[in-house]
Structures are given as structure tokens and as C-alpha cells.
Amino acid sequence: METARVLVAADKFKGSLTAVQVAERVAAGLRRVAPEVRVETLPVADGGDGTVAAAVAAGFERREARVTGPLGDPVTAAYAVRETTAVVEMAEASGLQHLPAGVFAPLTATTYGSGELLLAALDAGARTIVFGVGGSATTDGGAGMLAALGARFLDADGKPVGPGGGGLAELAKADLTGLDARLGEVDLILASDVDNPLTGPTGAPQVYGRQKGATEEDIALLDAALTHYASVLGPDDARLPGAGAAGGIGYGALVALGARFRPGIEVMLDVLGFAPALARATLVVTGEGSLDEQTLHGKAPAGVAAAARAAGIEVVAVCGRLALAPEALGRAGIRRAYALTELEPDPAVCMAEAGPLLERVAESIARDFLR
């Protein structure tokens, strides 16, 4: 009988385990029951937080830069480089993780540091930049990012508008002539699992503003400010898929930087070398912290399962919490899902003991699929 070859291609369990740790725990559990199995690990991400870590695990070099955080304070942000390709994660510079506990700045948080991180990638010689966007603390339409790259956003008196989406209400003129010339020579790929437009009922402020601390009044103000901003830069582009990603940074990248939008998991599977790894596998294990309706809309496990199904390779999933019926899993190409809550119903204990529980889950997978 041919030795089973398992590819572990899972995303992080947010708040518990990184994608690298998930892969390590699954591999350990599989080998405990089936020591002869060949396990290959390929941590994955969909463009949101964890994207740089996944690239580094796949062989990219991790680099760091000191950049401006969402509140204006300096932060250390990582990006990844391999040859002339860079992976830049906006959350590293402008993400919610840089806000102190309980502190939000929905009107003034800036993406300036994300622009500085793109500059660092350009300085490193990147000709292709995968720009993963998600997990942002910001709703500024990418204006801060563009300012860091050389754009100027001025009020009626010719002075720079204030930081964040709130300041864009005062925008009278946008001058993009100073944008770094190297941007015209790179392939900038906007990688996101979000295809929302910039504004309106499904736009960035309305759908994502509350998780960044915005009140209903703030949301109305931000939506109006971004609508005004788009009227100056290019209103038609505000409706493009991905324009609303990460507080509208997608719009700034699309309208001013010539970025092209691709679903984040598709881009990352290409960058990480998923296809050759898949060709070596007889079973794929994917997953993330919560398998739910959102998973089916461009999240990493759905992308992995779709690619594996197209190759005729069986897929099982691991998760902390399972909120999808077997029929929905089947339609996504997932044969079966194993949840930590099946072993430990208390969510707090589940998160605290995620590693050991995941190893036990992987033992069950080995007994069910590898014996």
C-alpha cells in the first residue's frame, strides 16, 4: 500500500494559534497515530493578518521597518521578500493590533505606515508586491498610505488635511504628481478576502466601522467623507470590488497606484507554492479558528478546498468552532470537519488549550483517514 502523503495547509486559529503552530500540532497528532505518514506543512493566509508569517514559513526572508502606526506613533512592521517579490501586510503597519486595549481612533487612524512599508519593499528591489489588506484599524480610504508615497491632500487653504477618514471631509485638492515613480514599474497585487465597495450600505464604514470603534454618527461622517474623497479622486473606482477593503485602502491602491485586485487566498496559494505541494499529496488538511458562513466567501480553507477538489484530492478541515452543516462543507469540497469544541465545549478552555486539543483532533483524522 502506498504511503499516505498529507499536506497541512491551514490558516491561523485567531487568538490561539498561528498558522505555523496549527501546522505543527496537526503534524504531531497525525504522526502519533500513523508514524509512517509523510506530512508536508504549508501554512496559508488570505491576505489578512498572518500573511507575512505564512510567506516566511514558505521560504521568504523576513525584513523589518520602523513605520508610523495607526495612531501616529512609530511601530515595527515586518514584510517578506524572495528575489524580486515582496509580501506586504497592511495590518503590520496599520492594524488593530497596534491599538492599546480599548483605545480606538475611527476618525483619525491613518494608513501612513502602510505607505512607508510599501516604500521599504520598493527599496528592497521588489518588482512584484503582494499587498495583503485586512485587520485594519483605519478608515481613511488609503489617503495616509498615498501621502507616505508622495501624494498631497490639501484643504481649501492649501494645507494638508488631518489624518484619518475624518480629515477627508475638508479635502479640496488631491495632488498625485509626487507619487514615487517606481510604483509605475511594479506589479502591485491587492490581495483581499473582501470585495466590498468603498461607501454605501455595503461599504467600508458601514460594514466594518463598528469593529474599529466607530459610533453610528462616526459611520455617517466617514461615509460622507469617503464619498467626497472619491468625488475628488475618481468616483467610478469607488464601486470596484475590493475598494472597501481595510477601511478603503483598497480604493487608494486601485485608483492611484494601479493595483489589480485578486482574492487573497488565490494570490497567496500562488506565492506560497501550493500547486506543487498539492501534487505531492493524497490528503489535504485545512482549517481556521471558526468554520462558518464567512469561510465560504473567500477565506483560506475554502480556497484550499476548491483547489484540492479540482485536483481530485480529498480534504478534511480542523477548526475551533464549527458553524457549517455537512451539506455546506460538502459543497465547499470539504469531506469532514473536526472541531475542538467536540472535545472541549467550553470556548475559553478551548482557546487556552488549543494546541493539545488540536493534536488530539489530528489523531482522530489519522485513525479515520490514514489507517
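1. A word on strands before we start: two strands pair if DSSP finds at least two bridges between them. Keep in mind too that this is a predicted model. With that in hand, take a look at Cys-319, which stands opposite Ala-339 in E13. Strands E12 and E13 are joined by four bridges and run parallel.

2. Now zoom out to the sheet these two strands belong to. It is an open sheet of five strands with parallel pairing, and reading across it you get E2-E1-E11-E12-E13. E2 and E13 sit at the edges, each pairing on one side only. Going from one strand to the next, the twist averages 25°.

3. Two helices to look for on this five-stranded sheet are H12 and H15. Helix H12 (residues 300-310) packs on the sheet and touches strand E11 (283-291) as well as E12. The direction of H12 makes about 160° with that of E11. H15 packs on the sheet as well, touching E11, E12 and E13, and its direction makes about 150° with that of E13.

4. There is also an open sheet of six strands, and here the pairing is mixed. Its order is E3-E4-E5-E6-E9-E10. The edges are strand E3 (61-68) and strand E10 (260-263), each of which pairs on one side only. Ignoring direction, neighbouring strands in this sheet are turned by 30° against each other on average.

5. If you want a spot to check in the six-stranded sheet, try the E3 edge. E3 and strand E4 (residues 74-82) run antiparallel and are joined by eight bridges. For Glu-61, the bridge partner in E4 is Val-81.

6. Which strands does H9 lie across? They are strand E6 (128-132), strand E9 (187-192) and E10, and H9 runs at about 155° to E9. Helix H10 (residues 264-272) lies across E4, strand E5 (85-89), E6, E9 and E10. H10 runs at about 85° to E10.

7. H9 has a helix partner as well. The axes of helix H8 (residues 216-233) and helix H9 (residues 245-256) come within 12 Å and cross at roughly 5°. Angles under 35 degrees count as roughly parallel, so H8 is roughly parallel to H9. From H8, the residues at the contact are Tyr-229, Ala-230 and Leu-233; from H9, they are Tyr-251, Gly-252 and Val-255. By class, the contact of H8 with H9 has five nonpolar residues, one polar and no charged ones.

8. On to charges. Side chains of opposite charge can pair when their charged atoms come close. How many salt bridges does the structure hold? The count is 22. Among the residues involved, Asp-11, Lys-12, Lys-14 and Asp-49 are linked in a network of salt bridges.

9. One salt bridge to look at is Arg-371 with Glu-36, where the closest N and O atoms are 3.5 Å apart. Arg-371 lies in the segment after helix H15 (354-369), and Glu-36 in the loop between helix H1 (19-33) and strand E2 (38-41), so this pair ties together parts that are 335 residues apart in sequence. Arg-371 is exposed, with a relative accessible area of 60%, while Glu-36 is partly exposed at 44%.

10. Glu-314 and Arg-335 form a salt bridge too, with the closest N and O atoms 2.3 Å apart. Glu-314 is in strand E12 (residues 314-322) and Arg-335 in the loop between helix H13 (326-331) and strand E13 (336-339), so to speak distant parts of the chain, 21 residues apart. Glu-314 is partly exposed, with a relative accessible area of 33%, whereas Arg-335 counts as exposed at 55%.

11. A further salt bridge brings together the side chains of Asp-368 and Arg-336, at 3.0 Å from N to O. This pair links helix H15, home of Asp-368, with strand E13, home of Arg-336, and the two residues are 32 apart. Asp-368 is partly exposed, with a relative accessible area of 42%; Arg-336 is also partly exposed, at 38%.

12. Last stop: Thr-111, found in the loop between helix H3 (90-94) and helix H4 (112-123). Is Thr-111 buried or exposed? Buried means under 20% relative accessible area, and Thr-111 has 0%, so it is buried. Leaving aside residues up to four places away in sequence, the residues Thr-111 touches include Met-90, Ser-94, Thr-138, Asp-140 and Ile-249.

Conventions: Residues are numbered from 1 along each chain as its sequence is written. This is a predicted model: local features need pLDDT of at least 70, side-chain atom pairs count only at pLDDT 80 or more; totals for chains, interfaces and linings use all residues. Side-chain values use heavy atoms; hydrogens and water are left out. Axes are lines fitted to C-alpha atoms, for helices over the stretch in contact, and angles run from 0 to 180 degrees between N-to-C directions. Angles under 35 degrees count as roughly parallel, over 145 as roughly antiparallel, 65 to 115 as roughly perpendicular and the rest as oblique. Contact means heavy atoms within 4.5 Å. Ala, Val, Leu, Ile, Met, Phe, Trp, Tyr, Cys and Pro count as nonpolar, Asp, Glu, Lys and Arg as charged, and the others, Gly among them, as polar. A salt bridge is a side-chain nitrogen of Lys or Arg within 4 Å of a carboxyl oxygen of Asp or Glu. Buried means under 20% relative accessible area, exposed over 50%, partly exposed in between (1.4 Å probe, protein chains only).
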